[in-house]
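Here's an informal walk through a two-chain model. Have the sequence and the coordinates open while you read.

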Amino acid sequence: MENEFTKTTSQITAADRWDTFQARVGINRSLHRVRPGLYALGSPTPDSPVFVTANYKLSFNALRASLAGVDGWILVLDTHGINVWCAAGKGTFGTNELVKRIESTGLKDIVKTRVLTLPQLGATGVMAHIVKKRTGFKVEYGPVRAEDLKEYLFNGQATAAMRKVRFNIKDRLTLIPVDIINYFLPTLLAALILYFLGGCFAVTAVVTSVLAAVVLFPILLPWLPFHDFSVKGYLLGFVVMLPFMVQSWTNSTGPLWSRILRLLPLALGYPVVTAFIALNFTGSSTFTSRTGVKKEIFAYIPVMGWFFGISVAITLGLAAWKALGG
Amino acid sequence: MFNSYTETTLQYDAELCINCDLCSIVCPHAVFTRGEKAAILANPLACMECGACMLNCPVRAIYVDAGVGCAAAMIKAALQGKKVEEGTCGCDDSSSACC
């Protein structure tokens, strides 16, 4: 037993903001960690409340910043630098780690209270009744978001709105920078290949398809028709390709069949890129079930494969035909 | 049409419920609501199968095949020759923006 704790404050410094910025754009993503253990926020007494969080710096910062003016204890679990909800889903923010951390910090001897306030989303990894049985501490689930914590403490309970996870425009916009960084290299590679096959036109088309998926899709998500992410993505991809189809049709010469064939990759292949990235956005969303996503994968991945394969075949065929002087 | 989200694995046995209210507290999508004598399964289709209700139900009145609804993780698992259900969210390596 350590029976030791570190002091902390509610202050968010410039260094903390720089850290948040880095995390949001995907720089050193795995390095935004806080040392697990017990922290004293302000000047807590043995009767002060105990809050539990993950050792992801952004989670820890959100908690302490939202508790400005409150004296309390913060028990940081070792979630390998992952936020509460994701870590709970993996079980690292879980019953065993919580029990272990209560014991290793000597919490029982430091505080008199036998209540722990956990973020609601931690419930995906924690069995409250087992924690009670093994440690004597009663787990109470606070609101989903740290920003509601003070109101929760004041009223002693969370409102229905505080209990609901959101995915509003601000939440969705936050995800865009890191996805731009993640898709940058694959897009560059695709653009390089396409440059040799279709020049600047093809490069612009693929960049447009990716940007539609990474930037427009998260923004427009609630308003795109149908439920399935793949279908929403395909339709969005098709719409952003319309100007390209018009241009291809008006500028292309040669026999009618070759002009029609040239449209097909723009109508099938490029929108499939948007659809695929959109399907992958299910993991970032806060509401898709595994059953549903599985059904989406089995329903649409084969179709995407066909659309993509047909487009590649046509593009290569037309390039070969052109090279042979057609 | 084009809605894959019309079923979930969530099962609830109201007979076993002791009305402790934990399921409606932990659910982030208000799938369960407080009832007179037992919790009410009010909105089953909003369930994202996170498993919080099942874990915190002290009498095992709830069952859900819990997992992460993340296509990237499932496709990755499939490519590695595993079952799609074995896909876990890849947020510990910096490979994806998932959750």
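What follows covers the domains of chain A, a stretch of its strands, one of its helices, and then the contact with chain B.

Keep in mind that this is a predicted model.

**Two domains in chain A**

Chain A splits into domain 1 (6-165) and domain 2 (170-323). Their C-alpha centres sit 40 Å apart. As for how they touch, 4 residues of domain 1 of chain A are in contact with 6 residues of domain 2 of chain A. On the domain 1 side, that comes to 2 nonpolar, 1 polar and 1 charged residues.

**Strands around Thr117(A)**

Strand 5 of chain A pairs with strand 3 of chain A and also with strand 6 of chain A. The pairings look like this:

| Strand pair (chain A) | Direction | Bridges |
|---|---|---|
| strand 3 (residues 50-54) and strand 5 (residues 115-118) | parallel | 2 bridges |
| strand 5 and strand 6 (residues 138-141) | parallel | 4 bridges |

Thr117(A) is a handy residue to click on here. Across from Thr117(A), in one direction, stands Phe51(A); in strand 6 of chain A, the bridge partner of Thr117(A) is Glu140(A). Between strands 5 and 6 of chain A comes helix 6 (residues 128-135), and the three elements make up a right-handed β-α-β unit.

**A kinked helix**

Now jump to helix 11 of chain A, which covers residues 256-280 and has 25 residues. From first C-alpha to last, helix 11 of chain A reaches 37 Å, close to the 36 Å expected at 1.5 Å a residue. Where does helix 11 of chain A have its kink? The kink is centred on Val272(A) and amounts to about 25°.

**Where chain B meets chain A**

The contact between the chains takes 48 residues from chain A and 42 residues from chain B. On the chain B side, the elements giving two or more residues are helix 1 (22-26), helix 2 (52-56) and helix 3 (71-79). Helix 3 of chain B gives the most, with 5 residues. Sorted by class, the side of chain B that touches chain A has 27 nonpolar, 12 polar and 3 charged residues.

Key:
Residues numbered from 1 in each chain as written. Chains lettered and ligands numbered in written order. Predicted model: local features only at pLDDT ≥ 70, side-chain atom pairs only at ≥ 80, totals over all residues. Contact = placed C-beta atoms within 7 Å. Nonpolar A, V, L, I, M, F, W, Y, C, P; charged D, E, K, R; others polar. Pairing = 2+ DSSP bridges. Right-handed = clockwise from strand over helix to strand, strands pointing away. Domains from an automatic or database assignment. Expected span 1.5 Å × (residues − 1). Bend = angle between axes of the 7 residues up to and from the residue.
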